[in-house]
Amino acid sequence: MRGRRNVAFLSPALLASLALVTGAPAPALAQQRGSDVGGQPTKRKLTKMPRLVRFVEAEYPAAKKRAGVSASVVLTIEIGATGKVTNVSVAESAGADFDAAAVAAAAGFEFEPAEVDDKPAPAKITYRYDFVIAQEPPPPPARPPSAPETAAPVAPPPAGEAGATPGDATAAGARTGGNDVVDEVAIRGGPRARREVVDYAVRAEQAKKVAGTQGDVLKVVQNLPGVSRPPVASGQIVVWGSAPKDTRVYVDGVDLPALYHGSGLRGTINSDLVASIDLVPGAFGAEYGRGLGGLVRVETRSLPRGTHGYVGADTLDGSAFVSTEIGERVRIGSALRYGWLDRVFAATSAPDVGDLFPIPRYRDAQLKATVDLRRRESVDTVVLLSSDELDRTVPSPDPAKRRVEATRSGFWRAYARYTNVSDDGDTATVTPFFGRDTSSLAQRFGANPTRLDVASDRYGVRASLRSKLGSRVVLVTGMDALGTASSVEREGSLTLPPREGDVAVFGQPPGDEYALDRWKTHVLDVGPHVYADVRVGPVTLTPGVRVDAFVIEGSKRLPPAGNVPPIGFSRMETTVAPRASARWDVTRRLAFTAAYGSYHQPPEPEDLSAVFGTPELGLSRALHVTAGESLRVTDSLTIDVVAFDKRMRDLVVRSRLPNPLRARALTQNGEGRSYGVQLLLRQELWRGFFGWASYAVTKSERRFEGDEAWRPFDFDQPHVLSLVASQEIGRWSVGARFRYASGNPRTPVVGSVYDARSDRFDPVFGPQGTTRVPAFWQLDLRVDRTFELGRDVRALVFADLQNVTNRENAEEIAYSADFRRRGIITGLPFIAVVGGRLEL
């Protein structure tokens with residue numbers, strides 16, 4: 001009598017959920033540049049998936065086996081064109097002993113190679129290896145004395161089950177290549193996000209380990225090429241010289257008003273619900289519109305089977321996430337977060353930090369439910385909530401010069417994304433959504449109040465159909481509609497808060513004028529679009545066009561006059577926006593790219609006031625042109641160079657007239673241009689190490705239409721450098737980040753005049769934009785360690801050290817009350833964000 005040896009095994013159910021690093025229809029072929037930073041995928045036809053033909057059992061770690069501990073290790077396996085495994089790395093660790101056993105076993109796997117255009121090709125897959133203690137089999141029945149003794153063999157999983165048919169298993173938010181997230185196996189037939197010519201993506205697990213992000217996946221955007229360092233305490237995203245409001249944020253294709261809470265210290269979505277995040281700084285495709293800047297696209301994570309979750313806390317906040325399944329078809333997950341940094345500062349020796357750096361009180365929550373209707377058909381229902389409160393008081397011995405500022409903002413979204421993949425690979429998605437955005441800004445400088453309240457109901461739908469037209473053409477048709485109904489109330493100075501291009505200085509008191517207005521607006525845009533991916537030999541062409549029909553309505557065309565009832569306005573503007581991109585794969589490692597696009601953006605609701613703005617504002621316009629080169633030095637090391645040029649016109653600016661015409665406080669006489677070159681050197685995960693170095697040389701300028709001279713854009717930063725590195729050493733992980741950025745332009749104060757009536761000094765300005773805030777640089781460090789606490793339980797503790805040199809970085813230029821002395825306002829000092837989380 002002999003029992004069967006307990007072994008680690010990969011069950012058929014898990015084999016069926018093996019996730020190829022792929023969108024539809026092509027896998028992550030090593031010779032393609034699909035999701036490499038700066039590249040658009042080569043559209044080649046997948047004719048055969050890789051197939052496991054030799055399975056190797058892993059040796060169960062003895063100590064874990066005795067303790068009865070099970071675990072799962074997610075591996076990234078690179079397969080050569082011969083079917084041999086060329087590299088194995090750990091994508092999700094289960095501990096050093098489990099990791100080592102899984103890597104050793106996977107290194108001995110053999111595959112029938114993938115084929116592209118009927119030719120063997122390298123591939124990269126994500127493979128989950130489960131370590132499970134097998135139950136002892138019952139003793140065999142007694143054999144007759146004449147029967148020979150035999151032992152039943154332990155068979156490996158059937159070879160044919162190691163692959164996945166196209167559309168059966170894709171990765172959440174994943175696109176072709178190795179730079180995108182493959183957190184979990186997604187719903188069958190999950191839609192593939194289109195890759196842009198210039199597109200920067202980071203794996204979620206890597207993003208959590210970047211120093212300075214405090215484990216927040218969304219904050220990695222601040223370190224990507226093309227992103228300027230935002231003003232302190234703003235949380236804004238400035239991309240390729242575009243204004244912060246010109247860049248759009250989408251989650252599963254649904255627009256959000258903000259990616260970050262208040263001061264930019266934390267993202268508005270829990271990182272454990274994020275599968276991928278990527279930045280498109282410009283020249284994006286026809287499926288997106290209503291913005292002159294770039295795109296930030298977030299894909300929510302596919303909910304895993306079983307019950308999982310965590311509870312965590314650090315210096316900034318506390319958070320929790322839990323997910324479970326209800327039957328075989330329904331999975332549900334929820335996350336909560338509550339910020340307490342303001343209380344931490346109040347309890348330390350630096351409660352006055354909030355005087356100049358507003359400390360947010362923030363909360364957010366998310367709920368996601370996935371229902372698998374049928375094979376390759378599912379519905380994801382998602383609810384997102386976020387709220388922020390920021391208060392700042394700059395004291396003064398003179399009550400008339402005391403400055404108080406209070407900001408409130410929040411949003412919620414609810415949407416359902418229906419996905420269906422047909423047997424021939426056509427993918428259809430429909431995502432209706434509804435939500436509400438609110439913001440409130442109240443400022444008081446002495447007795448002069450300024451207040452702006454905006455509440456907007458947002459609704460819309462995004463739909464697309466992706467169809468194959470033969471082996472060389474993929475056609476995508478879709479419709480993107482968004483409606484925004486806003487109620488706005490504003491009172492106070494006509495010039496506060498200041499606009500981009502206003503000549504102003506930090507702390508400058510408002511003028512004596514006072515106004516009040518309440519109005520409503522409704523902006524509806526319906527944008528049908530179409531584009532095609534056409535492959536002609538080594539060249540992929542992506543022509544597209546978007547047609548937008550804007551309806552702009554408001555409750556007041558003129559300022560109120562006595563008892564005369566207000567007269568509203570309504571108008572329609574239609575635009576045609578051609579888009580095109582091209583990629584030429586010169587060799588398997590070298591490619592050239594180019595893209596062009598026309599873009600339009602409607603006016604903001606707060607600019608359509610008959611008192612503070614201009615109800616007749618129309619669309620702003622921009623043209624984007626890019627050209628780039630992508631070089632894969634090794635299988636994991638890439639270099640990307642991109643040159644870009646943006647031209648903007650019909651920008652909204654303040655009227656130059658001392659006494660503007662009635663209902664004409666703003667005009668569309670602004671022009672802009674932004675151009676530059678950026679370089680990215682990126683090392684993908686290799687032996688536990690990843691990192692990148694990005695450097696951008698750019699110039700962004702604005703001018704009033706008809707002026708000969710250009711002035712620097714208020715957010716212009718000619719030089720931006722980011723260095724990111726992270727290394728895993730067993731259960732430890734260490735990382736560093738260094739950032740350098742030029743200071744933003746400012747207008748110098750060359751003198752002052754005394755206003756006896758108001759008993760104050762007013763500044764006398766020099767030439768606009770001819771001085772700058774001193775340059776910024778900062779070094780951040782991070783270290784974390786994982787502890788195995790038992791079966792399916794682990795703990796993570798970390799320390800994220802910001803500004804370890806305690807450098808006093810200048811954030812703003814300030815002047816004395818008589819404007820005769822100049823100083824700087826410094827940013828945050830050294831801060832240690834320490835925390836941990838318990839994972840189940």
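Two residues are said to be in contact when they have heavy atoms within 4.5 Å of each other. The structure is a predicted model, in which local features need pLDDT of at least 70 and side-chain atom pairs count only at pLDDT 80 or more, while totals for chains, interfaces and linings use all residues. Residues are numbered from 1 along each chain as its sequence is written, and side-chain values use heavy atoms, with hydrogens and water left out.

The chain contains five helices and 45 strands, these being DSSP runs numbered from the N terminus (H or I and at least four residues for helices, E and at least two for strands). Of its 840 residues, 55% count as buried, where buried means under 20% relative accessible area, exposed over 50%, and partly exposed in between, with a 1.4 Å probe and protein chains only. Among the contacts with a separation of 6 or more, 69% are between residues 24 or more positions apart.

Ser 726 belongs to strand 35, residues 719-729, and counts as buried because its relative accessibility is 2%. Apart from neighbours within four places in sequence, Ser 726 is in contact with Lys 209, Gly 688, Phe 689, Phe 690, Ser 733, Val 734 and Gly 735. Ser 636, by comparison, sits in the loop between strand 30 (620-632) and strand 31 (637-654), and is likewise buried, since its relative accessible area is 12%. With the neighbours within four places again left aside, the contacts of Ser 636 are Arg 682, Gln 683, Glu 684 and Trp 686.

One open sheet consists of five strands in the order 10-15-16-13-14, with mixed pairing; two strands pair if DSSP finds at least two bridges between them. Strand 10 (200-203) and strand 14 (254-256) each have a single partner strand and stand at the edges, so one side of each lacks a neighbour in the sheet. Strand 13, residues 248-251, runs antiparallel to strand 14 and is joined to it by three bridges, and within strand 14 it is Asp 255 that serves as the bridge partner of Tyr 250.

At the surface, Phe 787, Leu 789, Val 797, Leu 838 and Leu 840 make a nonpolar patch of about 440 Å². Such patches are made of residues with over 30% relative accessible area and no salt bridge, nonpolar side chains (Val, Leu, Ile, Met, Phe, Trp, Tyr) being joined within 5 Å and like charges within 9 Å; a salt bridge is a side-chain nitrogen of Lys or Arg within 4 Å of a carboxyl oxygen of Asp or Glu. Leu 840 lies in the segment after strand 45 (831-839) and counts as exposed because its relative accessibility is 56%.

Key. Areas by Shrake-Rupley, 256 points an atom, 1.4 Å probe, with all protein chains shown as cover.
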